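Open the model in your viewer and keep the sequence panel beside it. The stops below can be followed in order.

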Amino acid sequence: MKHMVKVEGYEVECYGLLEENSNFEVVCDEEEDDSIWCEGNTETGEPFTSWEECVEHLVEMYFPATIIQITAV
């Protein structure tokens with residue numbers, strides 16, 4: 001299932017189902033910035049409750065490069 005999230009003037013493609021134990025494969029426009037995110041929401045200490053929350057948190061807090069895709073694994 002594909003979900004599109006708009007953030008800072010561009011869209012991020014999001015795939016998979018958000019679950020309490022989800023990890024996230026983060027793909028950036030610069031390959032060297034790609035990563036796996038296993039922390040959930042570090043501000044609340046809780047799992048992400050929506051793709052919008054996930055994208056906004058990762059873009060604002062942790063990824064300087066443009067994120068183009070996130071997959072819940």
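Two strands are taken to pair if DSSP finds at least two bridges between them. With that in mind, note that this is a predicted model, and start with the strands.

**Stop 1: strand E5 and its partners**

Select residues 67–72, which make up strand E5. Now add strand E3, residues 24–28. E3 and E5 pair in the antiparallel sense, over five bridges. Within this pairing, glutamate 25 stands opposite threonine 71 in E5.

Next, add strand E2, residues 10–15. E2 pairs with E5 in the parallel sense, over three bridges. Which residue of E5 does tyrosine 15 stand opposite? Tyrosine 15 faces threonine 71, the residue that glutamate 25 also stands opposite.

**Stop 2: a negative patch**

Keep glutamate 25 selected and add Asp29, Glu30, Glu31, Glu32 and Asp34. Together with Glu25, these residues gather in a patch of negative charge on the surface. Aspartate 34 can be found in the loop between E3 and strand E4 (35–37). Is aspartate 34 buried or exposed? The relative accessible area of aspartate 34 is 32%, so this residue counts as partly exposed.

**Stop 3: the salt bridge**

Side chains of opposite charge can pair when their charged atoms come close. Select lysine 2 and glutamate 13, which form a salt bridge. Their closest N and O atoms are 4.0 Å apart. The pair links distant parts of the chain, with lysine 2 in strand E1 (residues 2–7) and glutamate 13 in strand E2, eleven residues apart. The count for the model comes to one salt bridge.

Colour both residues by accessibility. Lysine 2 has a relative accessible area of 49% and is therefore partly exposed. Glutamate 13, at 25%, also counts as partly exposed.

**Stop 4: two loops**

Go to the loop between E1 and E2 and select glutamate 8. Most residues other than glycine have a negative phi. Glutamate 8 is not a glycine, yet its phi is positive, about 45°. At 60% relative accessibility, glutamate 8 counts as exposed, because the cut-off for that class is over 50%.

Finish in the loop between E2 and E3, where glutamate 19 is placed. Glutamate 19 has a relative accessibility of 45% and counts as partly exposed. For a last distance, pick the C-alpha atoms of glutamate 19 and methionine 4: they are separated by 18 Å, and the two residues are 15 residues apart along the chain.

Terms used: Residues are numbered from 1 along each chain as its sequence is written. This is a predicted model: local features need pLDDT of at least 70, side-chain atom pairs count only at pLDDT 80 or more; totals for chains, interfaces and linings use all residues. Side-chain values use heavy atoms; hydrogens and water are left out. Helices (H or I, at least four residues) and strands (E, at least two) are DSSP runs, numbered from the N terminus. Patches are made of residues with over 30% relative accessible area and no salt bridge: like charges are joined within 9 Å, nonpolar side chains (Val, Leu, Ile, Met, Phe, Trp, Tyr) within 5 Å. Accessible areas come from the Shrake-Rupley method with a 1.4 Å probe; for residues, only the protein chains shown count as cover. A salt bridge is a side-chain nitrogen of Lys or Arg within 4 Å of a carboxyl oxygen of Asp or Glu. Lys and Arg count as positive and Asp and Glu as negative; His and the chain ends are not counted. The place of a charge is taken as NZ of Lys, CZ of Arg, CG of Asp or CD of Glu. Buried means under 20% relative accessible area, exposed over 50%, partly exposed in between (1.4 Å probe, protein chains only).
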